[in-house]
Structure formats: structure tokens, C-alpha cells
Amino acid sequence: MKERLQSLPYGWRLLLATLSLGIGTGLVGIACHYLLEGVQRLAFGQNRADLLQQFQEAGALRRFLVLCVTGVLAAGFWYVLQSRHKILSIRKQIDLAGDREPAPLAHLLHASMQVAIVGAGASVGKEGAPREVGALLAGHLGKAFSLAIKERRVLIACGAGAGLAAVYQVPFASSLFVFETLGLAYHWKNFVLVLSSTYLATWVAQPIVGHGAIYHMSPVHWSASSLFQAVIVALLVTPLALAFRFLANRASRKRRKDGTILWALPVAFMVLAAIVSFYPIFMGNGQVLAQALLSGQPFSNLALTLAVKGLLVYLLLRNGAYGGTLTPSFALGIGSGYLATLLLTVVGIHLDPALGMLLGATVFLGTTLQAPLTGIALSLGFTGQSWALILPLALAAGVSYMIQNRWENKR
């Protein structure tokens, strides 16, 4: 079979590898969707359209026990896995393409556990898993089709973007993510490969994952005052996003991998379990919190709620858990933008809270991902808003980007 593939012209092999990647990552997105829903149903009972309602109906004791058990199982799993295998990040897979192949089964199990703990209520994102499996699949396809090392690296980056596109149904934002975050060169061939794989993966996963916006939000409009709001929100939210990015990066660098994970991670989950026993709003990757804010639910201590959510993400990642920070960043950005708009109201400046939330999400995502264009596209894609909002969102992202550059140059 391999000899037959090698007999094909190189362009055809590259095309077939890209199409196979798009279809494969679409199936990965479907698998992640079913795994997440299966764990949630097993842990908390029958699925509900309202995820917060599902958590609430499960009861405080059940939420506490599920997270405590999850912490023990996750700690044992990652201790054994990492004592036997080296888990390669996506960037490592790109850099080591052709030199070192990641262990397929170990990486698949690693990704599955990330999705499982999110389904059980852990405060981390699920997007790391499909990105990692997409990159893993791309590496094997590049080898199977005998592609050059340069194309293999591009394909691995495409796999990460396609995995993200499949689970969240945001192909354009995922394509921008590949170029901005993974540093792929802006070349016409790369554009073709990235767009082909991400849009195909989205199309394959769409019948199961769904094509509607993840978050429900009424249409938002903007006016001239929105530009002022964009600047103020960027000034107020960017420092918070920088602080969260620092904590998340520090947690990843200093993540427990030795024997101490066996007690530290269960304790971290127990802290989370104790909190969500009384406040289920902290359950999961941030989707519950973000949707509550977008739906206009009142929060008496919003600043404290956001601080606790951010610290819970840090606590789990620092003590050995794996997971993404994209969805938590979106939730924290929604809350921070809303809080910034409320502060303006205190001084007599009344602006649109809904737009404030979108601006906050754009700034937070752009800062934590270090990808301002991706932040704009994700905020619009997640909420299903019109691209007519591009001007105020781009202004907020631009001001935030300048603040980040100035802060980094002073370090």
C-alpha cells in the first residue's frame, strides 16, 4: 500500500493527506463530543439543554463525590502515563517531525482523559484534546504519504487547527489560530492546506456537533460611543488577561509530574468539589459561567466570581491536570468586559453591557492566545454575532496588543 502511495505524484499525495486529515479530525471532533456527553450523563444524569440545570439537578453531594473521584483517578492515570511515556506538545511534534514520533496510544489516552475530566466538571478547557489528536493524526498521515519534513510540519499545524474547528465549529477562527499561535508562515500553499483541512473537519463533524453558535446571545449592535467603550474595555481588561496568561503559563511550566501529583491533584479537585457543592456556576470549562452572564443572570460578587474561576484553573493545571485555557479565557473575558462596563455606569457613562462582554472576550482571548485576530473571530463565532461588529472589536484588540507589547518591552 505504501509503495502504491509513493508512486503517486507528490502534489496528489499532499492533497490526499490533507483531505484525509480533514475527514479524520472531523471524526475526532465527533468522538470528543460523544465522550464529553457520555461522561456528563454518567456523572450527573440525563443531559439537559441547560448545562447549569443539569449540574444543579444532580445535587451538591453528587457533584462533590464525582469531582473527588475524578481527582483520584486523574492523578493515578497521569502519574502512570508520564512515568512511562513522554507527552509531546503540538509545538514539539512540529519541531521533531521526522526525528521522533509520539506514542499514539499514550497520546490518545492523554487526550481522552482531558475531555473526561471536563465532562466531570473540571475547570479547564476541552480544546487541548482535539488539537493534540489532530496533530498526532497529521504526523502519521505525513509519514504514510511520504511527505517532506516541511510539509509534515505544516500538516501537523493544520491538524491542530482542524481539531479545534471540528469541536467548536469555528473553521475561520481555527485557521487564524494556526497562523498566529503556531507560527505558520503566511504562504499561499499554507493557506490552501489550512483552510481545506479546517473547513472539511467542520463539515464532517457538523451533523453531530451541530452548526449553531455555542453561546446564546441576542444580536448586538454598535454606535460611535462603542469605539470609546472598546478603548476603555481594552485598558481595563488587558492587565487582567495578562495576569491570567502569566498564571496559566506558570502552571504549565511547573506542572506536577512526579509522585507528588498523587496527593496534590486529588486535593485540588477536592477544593473545586467543595466550592461547586455550594456554587455550581464554577463547574466545567467556563461555558456555564459565560452563558449565565450572556443570559443576563445577576451576580452579586462578579469580581470575586471571576477571581475564583481563574484561580481554580491555575490550581488544577499547576497540580498535574491537563487541559486548555481557551474556554476559561472566554468566560473570564465575558465577565471582565461586563464588569468594566458596569464600572463606567458608576461614573455616569451608560454603554451596552452586551457589547462590553464581547469586547472583553476579544481582549482576553487575544491576550491569552497571543493572537488578536483569532480572539476577534472566536468571539464572533462562539456567539454567532455579525461581522458588522468587526470595527469596535478590532479597535479593542489593537489597543490591547499595544499594551501587551509595551508591557513586554519593559520586562
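How is the chain divided into domains? Let's work that out and go on from there.

This is a predicted model, where local features need pLDDT of at least 70 and side-chain atom pairs count only at pLDDT 80 or more, while totals for chains, interfaces and linings use all residues. Residues are numbered from 1 along each chain as its sequence is written, and side-chain values use heavy atoms, with hydrogens and water left out.

**Exercise 1. Split the chain and describe where the two parts meet.**

Step 1. Start with the bounds: domain 1 covers 1–209 and domain 2 covers 224–409. These bounds come from an automatic or database domain assignment.

Step 2. Taken over C-alpha atoms, the centres of domain 1 and domain 2 are separated by 23 Å. Domain 1 puts 41 residues into the contact and domain 2 puts in 48 residues. (Contact means heavy atoms within 4.5 Å.)

Step 3. Now the area: about 3,500 Å² is buried between domain 1 and domain 2, and carbon and sulfur atoms give 72% of that. Buried area here is the accessible area (1.4 Å probe) that two parts lose on being put together, summed over both.

Step 4. Look for charge pairs, and you get zero salt bridges across the interface of domain 1 and domain 2. The rule wants a side-chain nitrogen of Lys or Arg within 4 Å of a carboxyl oxygen of Asp or Glu.

Step 5. Which elements give two or more residues to the side of domain 1 that touches domain 2? They are helices H3 (51–58), H4 (60–84), H6 (104–119), H8 (149–168) and H9 (171–180). Helices are DSSP runs (H or I, at least four residues), numbered from the N terminus. H4 brings the largest share of that side, 14 residues.

**Exercise 2. Find the salt bridge and place both partners.**

Step 1. By the same rule as above, the count comes to one salt bridge. Its partners are Lys 189 and Glu 151, with the closest N and O atoms 3.9 Å apart.

Step 2. Lys 189 sits in helix H10 (residues 188–209) and Glu 151 in helix H8, so the pair ties together parts that are 38 residues apart in sequence.

Step 3. Buried or exposed? Lys 189 counts as partly exposed because its relative accessibility is 31%, whereas Glu 151 counts as buried at 10%. The cut-offs are under 20% relative accessible area for buried, over 50% for exposed, and partly exposed in between (1.4 Å probe, protein chains only).

**Exercise 3. Say how enclosed H9 is, and by what.**

Step 1. Nine of the ten residues of H9 are buried, so the helix is largely enclosed by the rest of the structure. Among them are Pro 171, Leu 176, Phe 177 and Phe 179.

Step 2. The cover over those buried residues includes helix H7 (128–144), H8, H10 and helix H17 (372–383).

**Exercise 4. Work out the surroundings of Ile 90 and Ser 336.**

Step 1. Ile 90 belongs to helix H5 (residues 90–95), and it counts as buried because its relative accessibility is 11%.

Step 2. Skip neighbours within four places in sequence, and Ile 90 is in contact with Arg 131, Glu 132, Ala 135, Ile 156, Ala 160 and Leu 182. Ala 160 is 70 residues from Ile 90 in sequence, yet their C-alpha atoms are 7.4 Å apart in space.

Step 3. Over to Ser 336, which you'll find in helix H15 (residues 326–346). Ser 336 is buried, with a relative accessible area of 6%. Again leaving out neighbours within four places in sequence, Ser 336 is in contact with Val 237, Leu 240, Leu 306 and Phe 364.
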